[in-house]
Amino acid sequence: MKAVVMAGGFGTRIQPLTNSVPKPMLPVANIPMMQHIIEKLRDVNIKDIVILLYFKPEIIKDHFGNGSAFGVNIEYVLPDDDYGTAGAVKKAEPFLNETFMIVSGDLVTDFDFQKIIDFHKQKSSKLTITLTSVVDPLQFGVVITDEEGKIQKFLEKPSWGEVFSDTINTGIYILEPEILTRISEGEKYELGKNLFPSLMDEKITLWGCTVEGNWRNVGNPKSYREVHRD
């Protein structure tokens, strides 16, 4: 299994901290957030990693290099424009010839990645979305699954009037490479807003693996303070 780490965002909501460094390189416990993710991937024996860059790419490249210092092999992909989350992953397609995990580089979590991998294999899933429960689901994609874990309903960043669940999309996915054929080359295309609903329209089963643990999407100064308290 391989992995894609999303590290291309501008981090505008957490400025001025991101004026000089990309958000995934902000330190948590004196280590860049994304390094925690890289090490978690390595610890479940995912050694081949593609990092998707965009904002201040040289800072990330200078820190991680080819990955050998961290026990992994790293390739970098730098899109020439903003193609959205799914469109950016499409740019990494030449490296993704087997099952791969996608993880946002600005997450801090103690989730059991092996549990997610095992779930994906057991269900013979084409696309698995890692889910968890949160108090305030408004800023995330809200999800309902059946008792087996099949996703029944998905809504990206709902209003309170649209909230139908406290179970949310955590930004951690496992995909089979054939899913990349559903993404058009060179178009702006989002995972949650475009790809997932499209797959559901095609009657392709999306599986939701619900996990418990500490999970923070570090998007603003408040969440950055909270992750240090965690």
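**Exercise 1. Helix 4**

Which residues are exposed on the other side of helix 4? Find them, then describe the buried side and the two ends of the helix.

Solution.
Step 1. The model is a predicted one. In it, the exposed residues on the other side of helix 4 are Lys121 and Gln122.
Step 2. The buried residues of this helix are Phe113, Ile116, Ile117, Phe119 and His120. Viewed down the axis of helix 4, these buried residues fall within an arc of 160°, so they line one face of the helix.
Step 3. Next, identify the cover. It includes helix 1, strand 6, strand 7 (107-109), strand 8, strand 11 and strand 12.
Step 4. At the N-terminal end, Asp112 acts as the cap of helix 4, with a side-chain oxygen 3.0 Å from the backbone nitrogen of Gln114. Ser124 follows the helix and has a positive phi, near 50°.

**Exercise 2. The surroundings of His120**

Determine whether His120 is buried or exposed, and list what its side chain and backbone meet.

Solution.
Step 1. His120 belongs to helix 4. Its relative accessibility is 2%; buried means under 20%, so His120 counts as buried.
Step 2. Apart from neighbours within four places in sequence, His120 is in contact with Thr99, Ser125, Lys126, Leu127, Thr128, Ile174, Leu175 and Glu176.
Step 3. One of these, Glu176, is joined to His120 by a side-chain polar contact of 2.8 Å.
Step 4. For a distance along the backbone, take Thr130, 10 residues from His120 along the chain: the two C-alpha atoms are 10.0 Å apart.

**Exercise 3. Strand 11 and its partners**

Establish how strand 11 is placed and which strands pair with it, including strand 6 and strand 8.

Solution.
Step 1. Count the buried residues: nine of the nine in strand 11 are buried, so the strand is largely enclosed by the rest of the structure.
Step 2. Strand 6 pairs with strand 11 in the antiparallel sense, over four bridges. Within this pairing, Ile102 has Tyr173 of strand 11 as its bridge partner.
Step 3. Strand 8 (residues 127-133) is also antiparallel to strand 11, with six bridges. Here Leu131 stands opposite Asn169 of strand 11.

**Exercise 4. The nonpolar cores**

Locate the largest nonpolar core and name the residues with the most contacts inside it.

Solution.
Step 1. The largest core holds 35 residues, and Leu41, Ile51 and Met101 have the most contacts inside it.
Step 2. Elements giving two or more residues to this core include strand 1 (2-6), helix 1 (33-43), strand 6 (100-104), helix 4 (113-122) and strand 11 (167-175).
Step 3. Take Leu41 and leave aside neighbours within four places in sequence. Leu41 then is in contact with Ala3, Val5, Ile46, Ile49, Met101, Val103 and Phe113.
Step 4. A second, separate core has 30 residues, among them Val4, Ile129, Phe154 and Tyr189.

**Exercise 5. Aromatic pairs**

How many aromatic pairs does the structure hold? Describe two of them.

Solution.
Step 1. The structure holds three aromatic pairs.
Step 2. One of them is Phe64 with Phe70, a tilted pair at 5.2 Å centre to centre and 50° between the planes. Phe64 is buried at a relative accessible area of 3%, and Phe70, at 11%, also counts as buried.
Step 3. Another is Phe119 with Trp207, edge-to-face, with 6.2 Å between centres and 75° between planes. Phe119 lies in helix 4 and Trp207 in strand 12, so this pair ties together parts 88 residues apart in sequence. Both residues, Phe119 and Trp207, are buried.

Note on methods: Residues are numbered from 1 along each chain as its sequence is written. This is a predicted model: local features need pLDDT of at least 70, side-chain atom pairs count only at pLDDT 80 or more; totals for chains, interfaces and linings use all residues. Side-chain values use heavy atoms; hydrogens and water are left out. A nonpolar core is a set of buried Ala, Val, Leu, Ile, Met, Phe, Trp, Tyr and Cys residues joined through side-chain atoms within 4.5 Å. Buried means under 20% relative accessible area, exposed over 50%, partly exposed in between (1.4 Å probe, protein chains only). Contact means heavy atoms within 4.5 Å. Two strands pair if DSSP finds at least two bridges between them. The arc is that of the directions from the helix axis to the C-beta atoms. A polar contact is a pair of N or O atoms within 3.5 Å; within protein, one must be able to donate a hydrogen and the other to accept it, and residues adjacent in sequence count only if both atoms are side-chain atoms. Rings of Phe, Tyr and Trp (its six-membered ring) pair if their centres lie within 6.5 Å; planes under 30 degrees apart count as stacked, over 60 as edge-to-face and the rest as tilted.
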